[in-house]
Amino acid sequence: RALWLALIVNGHLHRGSYWPALSALNRMRGALLEIFTLSRNGKRAARFFDTTAGLELKTMLGRTLPAYFPTSPAQTEASLSAALLAVLDILEYHLAELSNGQVELGTGERELVLRLRAGQAALRNAVEAGDPAQDFTN
């Protein structure tokens, strides 16, 4: 589910749709909390994570929180992109820790993560090159 939502966030970012991207990113974060909670037989994902997870996992999840810059759409986009990449980092490198060793990415899912990373790099490059079609300011 988290990777499906990552595709949605990626698509919204490429279209310059901040609020829909944020909504899907929030659902991705919720999916990560559910993975953590269900893999430990917990309930109430956010509360369980808050009281049970260690500082390292909380710090990793904190990196998935984007910032909003009302006077700088480009910074807002960069923040959302960085948050998406932080979720992908958790899925790719820390899923075993998050899921208590119960979930791992398969080959196809790892390929999708690589494609999503490439899509975000292309978006960042387009914005840096001044492509107006890829800029939130338009």
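**Close-up views of a predicted all-helix chain**

**Figure 1. A salt bridge joins the side chains of Lys58 and Asp50.** In this predicted model, the N and O atoms of the pair are 3.8 Å apart. This distance counts as a salt bridge because the cut-off is 4 Å between a side-chain nitrogen of Lys or Arg and a carboxyl oxygen of Asp or Glu. Lys58 has a relative accessible area of 30% and is therefore described as partly exposed. A search of the whole structure finds four salt bridges, and the contact between Lys58 and Asp50 is one of these pairs.

**Figure 2. Asp89, Glu92 and Arg117 form one network of salt bridges.** The closest N and O atoms of Asp89 and Arg117 are 2.6 Å apart. This pair links distant parts of the chain, with Asp89 in helix H5 (residues 73-93) and Arg117 in helix H7, 28 residues apart. Asp89 is partly exposed, at a relative accessible area of 31%. Arg117 also meets Glu92 in a salt bridge, with an N to O distance of 2.9 Å. Because Glu92 lies in helix H5 and Arg117 in helix H7, this second pair ties together parts that are 25 residues apart in sequence. Glu92 has a relative accessibility of 15% and so counts as buried. The salt bridges share partners, and in this way the three residues are joined into one network.

**Figure 3. Arg29 is a buried residue without a salt bridge.** Arg29 belongs to helix H2, which covers residues 18-38. Which side chain of opposite charge is nearest to Arg29? It is that of Glu34, which is 12 Å away. A salt bridge requires a nitrogen and an oxygen within 4 Å, so the distance to Glu34 does not qualify. The side chain of Arg29 does make a polar contact of 2.8 Å with the side chain of Asn26. When neighbours within four places in sequence are left aside, Arg29 is in contact with Leu61, Thr64, Leu65 and Pro66.

**Figure 4. Asn41 has a positive phi in the loop after helix H2.** The phi angle of Asn41 is about 55°, although the residue is not a glycine. Asn41 is located in the loop between H2 and helix H3, the latter formed by residues 45-52. Its relative accessibility is 73%, so Asn41 counts as exposed.

**Figure 5. Asn100 has a positive phi in the loop between helices H6 and H7.** Asn100 is not a glycine, yet its phi is about 60°. The loop that holds Asn100 runs between helix H6 (95-98) and helix H7 (107-128). Is Asn100 buried, exposed or partly exposed? With a relative accessible area of 45%, Asn100 is partly exposed.

**Figure 6. The whole chain contains seven helices and zero strands.** Along the sequence, the elements follow the pattern α-α-α-α-α-α-α. The C-alpha trace spans about 50 × 35 × 20 Å along its principal axes. The radius of gyration is 15 Å, which agrees with the value near 14 Å for a compact globule of 138 residues. Buried residues make up 43% of the 138 residues. Of the contacts with a separation of 6 or more, 63% are between residues 24 or more positions apart. The accessible surface comes to about 7,500 Å², and carbon and sulfur atoms account for 55% of this area.

Technical notes. Residues numbered from 1 in each chain as written. Predicted model: local features only at pLDDT ≥ 70, side-chain atom pairs only at ≥ 80, totals over all residues. Heavy atoms only, no water. Helix = DSSP H or I, 4+ residues; strand = E, 2+ residues; numbered from the N terminus. Buried < 20%, exposed > 50% of the residue type's maximum accessible area, 1.4 Å probe, protein only. Lys, Arg positive; Asp, Glu negative; His and termini not counted. Polar contact = N/O pair within 3.5 Å; in protein donor to acceptor, adjacent residues only side chain to side chain. Contact = heavy atoms within 4.5 Å. Rg over C-alpha atoms; globule rule 2.2 N^0.38 Å. Areas by Shrake-Rupley, 256 points an atom, 1.4 Å probe, with all protein chains shown as cover.
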